[in-house]
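Thank you all for coming; today I would like to walk you slowly through one structure, stopping at a few places along the chain. Please have a look at it first, and then we will go through those places together.

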Amino acid sequence: MTLNIIRKNIFFKPDPRRVLARYFDLSVERSIKVVNRVLSMSKQQQSDTLNQVFRNFSKRHRSVVSILEKNYKRTQSILHGMEIQDTDISYKQKLLIGSYFTMEYSIEAAAFFNPSVVEDIDQTQLREGEKRIILSFRATGEGHVSSIVFRSAIIDKDLNIHLDTIGELLEKPKVIKSHRYQKEDFVNKLFQMHYPEECVLEIIKNKLAESFTYEELRRYVLEIQQENELSADSETLMHQILWLASSHYEMTYSLDTSISERVIFPISDTEKRGIEDARFVRFIDEKGRITYYATYTAYDGFTILPKLLSTKDFIHFKVLPINGKIANKGAALFPRKINGKYAMLCRVDGENNYIAFSDNINHWQEDITLLRQPEYPWEFIQLGNCGSPIETDKGWLLLTHSVGPMREYTISATLLDLEDPTKIIGKLKEPLLYPNTEEREGYVPNVVYSCGQIVHNGHLIIPYAMSDYASTYATVSLEELLTALINS
């Protein structure tokens, strides 16, 4: 049967006006020159320049003063080398110095793509047939650094999405590195990434306490380096230890921010080159409690690390690495446990679709099953998922992405058994969505890609990216789609 998939004429596009203030990192030599130049200005020049900064930037950020204060403090170690006392510098001079070590970063300047969608926590004050939703996007700016951004919206009875007013003042979180590591888990994860010399592994095990914080680990690493003559390979291992530990953190946003103002920007060393393709899911545990999880790929410029983000309110977030054999891109969590275990879609080899099960949500060591291999011409290059499966009375509805000739990405669908999702009930023999004439032009041509969908008013709502530049969405009757899958 031919499916009637409807593309909506509603688009989500990048907005270069949305900027964050970031620390502008200079070498020590250049930083000293900048500080000296600022302090050598006349008082009038200093006052005039600072006033210009406030005039031009105070309306672009929630508190430009606190930003300048924070970035000045990051230069204080430089002042020690200059033999300048902090008390010798006035408060306004500190702010002015801070402004020279601050830069604006347009988080969406390059692209706004790979969307995911979940039901909002708040479903009050709605008309009949409406649902409040949260959309997430991968936003990309200068240097192709990606972050996660959000939009709140209402989808009406006619399946039209109406975005809430988008906040203009972006907010970075307060970062709290308060995670406590367990030695056995930490050493096991380290061993997956690096095969250390036996003697060095024993040194590490003997040095680490049974549990420790990030700051304690930094001290342990420094002591190991001071107390032992390490090979170049073992020195690399020391850096990897801190790299791995920095991937655990928590972050909290101010209550007076709207969700569209909250940006999850790369924080740890493991993700300094980008946070990619977050797949959000509304997870319900055995007691009916709701947690929003997102799997995403952290990238440091050389290595990828799958990570798990969790939140109950989209204000406070926790981040942990995903440990085990599924260390590849595109993991997607099922929205509930199956037969008492967490279930995850994954791609172990970069080519085929797999499914994994675990008793622990961020440890996936065993129980991985091949789900599907490329079968049709439009998926000969690779298969992947388009986000978490959706539970229906007919089975788990899974949207997949495929890559075929000319590296064209398409979206299709598979139906899995509810009790045993390793069993495939049906799969479409033609793509559900493929790039049309308007969608195939962009940063990466010929791509349609989704990271999560929802059901509303009997229809599947599919937000998707258009050639890694902007996003839109399409709808299809859920009953028609399930019928097509069952009869395939």
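**A threonine, two turns of the backbone and a pair of helices**

Let me begin with Thr311, which, leaving aside residues up to four places away in sequence, touches Thr291, Tyr292, His316 and Phe317. Before going further I should say that this is a predicted model, so please keep that in mind throughout. Thr311 belongs to strand 14, which covers residues 304-311. Is Thr311 buried or exposed? Its relative accessible area is 3%, and because anything under 20% counts as buried, we call Thr311 buried.

What, then, do the polar atoms of the Thr311 side chain find around them? One such atom lies 3.2 Å from the backbone nitrogen of Asp313, and the backbone oxygen of His316 lies 2.8 Å from a polar atom of this side chain. His316 therefore appears twice in our account of Thr311, once among the residues that it touches and once through its backbone oxygen.

Now to the backbone itself, where it helps to remember that most residues other than glycine have a negative phi. Phe314, however, has a positive phi, near 60°, and is not a glycine. Phe314 sits in the loop between strand 14 and strand 15, the latter being residues 316-321, and with a relative accessible area of 2% Phe314 is buried.

Further along, Asn457 also has a positive phi, of about 50°, although Asn457 is not a glycine. You will find Asn457 in the loop that joins strand 28 (454-456) to strand 29 (459-466). Its relative accessibility is 39%, and so Asn457 counts as partly exposed, whereas Phe314, as I said, is buried.

Finally, let us turn to the helices. The axes of helix 2, residues 43-57, and helix 5, residues 91-100, come within 10 Å of each other and cross at roughly 60°, which means that helix 2 is oblique to helix 5. The crossing of helix 2 past helix 5 is left-handed.

Which residues meet there? From helix 2 we have Gln46, Thr49, Leu50, Val53 and Phe54, and these meet Lys92, Gln93, Leu95, Leu96, Ser99 and Tyr100 from helix 5. Sorted by character, the residues of this contact comprise 6 nonpolar, 4 polar and 1 charged.

Technical notes:
Residues are numbered from 1 along each chain as its sequence is written. This is a predicted model: local features need pLDDT of at least 70, side-chain atom pairs count only at pLDDT 80 or more; totals for chains, interfaces and linings use all residues. Side-chain values use heavy atoms; hydrogens and water are left out. Axes are lines fitted to C-alpha atoms, for helices over the stretch in contact, and angles run from 0 to 180 degrees between N-to-C directions. Helices (H or I, at least four residues) and strands (E, at least two) are DSSP runs, numbered from the N terminus. Angles under 35 degrees count as roughly parallel, over 145 as roughly antiparallel, 65 to 115 as roughly perpendicular and the rest as oblique. A crossing is left-handed if the near helix is turned anticlockwise from the far one by less than a right angle, and right-handed if clockwise. Contact means heavy atoms within 4.5 Å. Ala, Val, Leu, Ile, Met, Phe, Trp, Tyr, Cys and Pro count as nonpolar, Asp, Glu, Lys and Arg as charged, and the others, Gly among them, as polar. Buried means under 20% relative accessible area, exposed over 50%, partly exposed in between (1.4 Å probe, protein chains only). A polar contact is a pair of N or O atoms within 3.5 Å; within protein, one must be able to donate a hydrogen and the other to accept it, and residues adjacent in sequence count only if both atoms are side-chain atoms.
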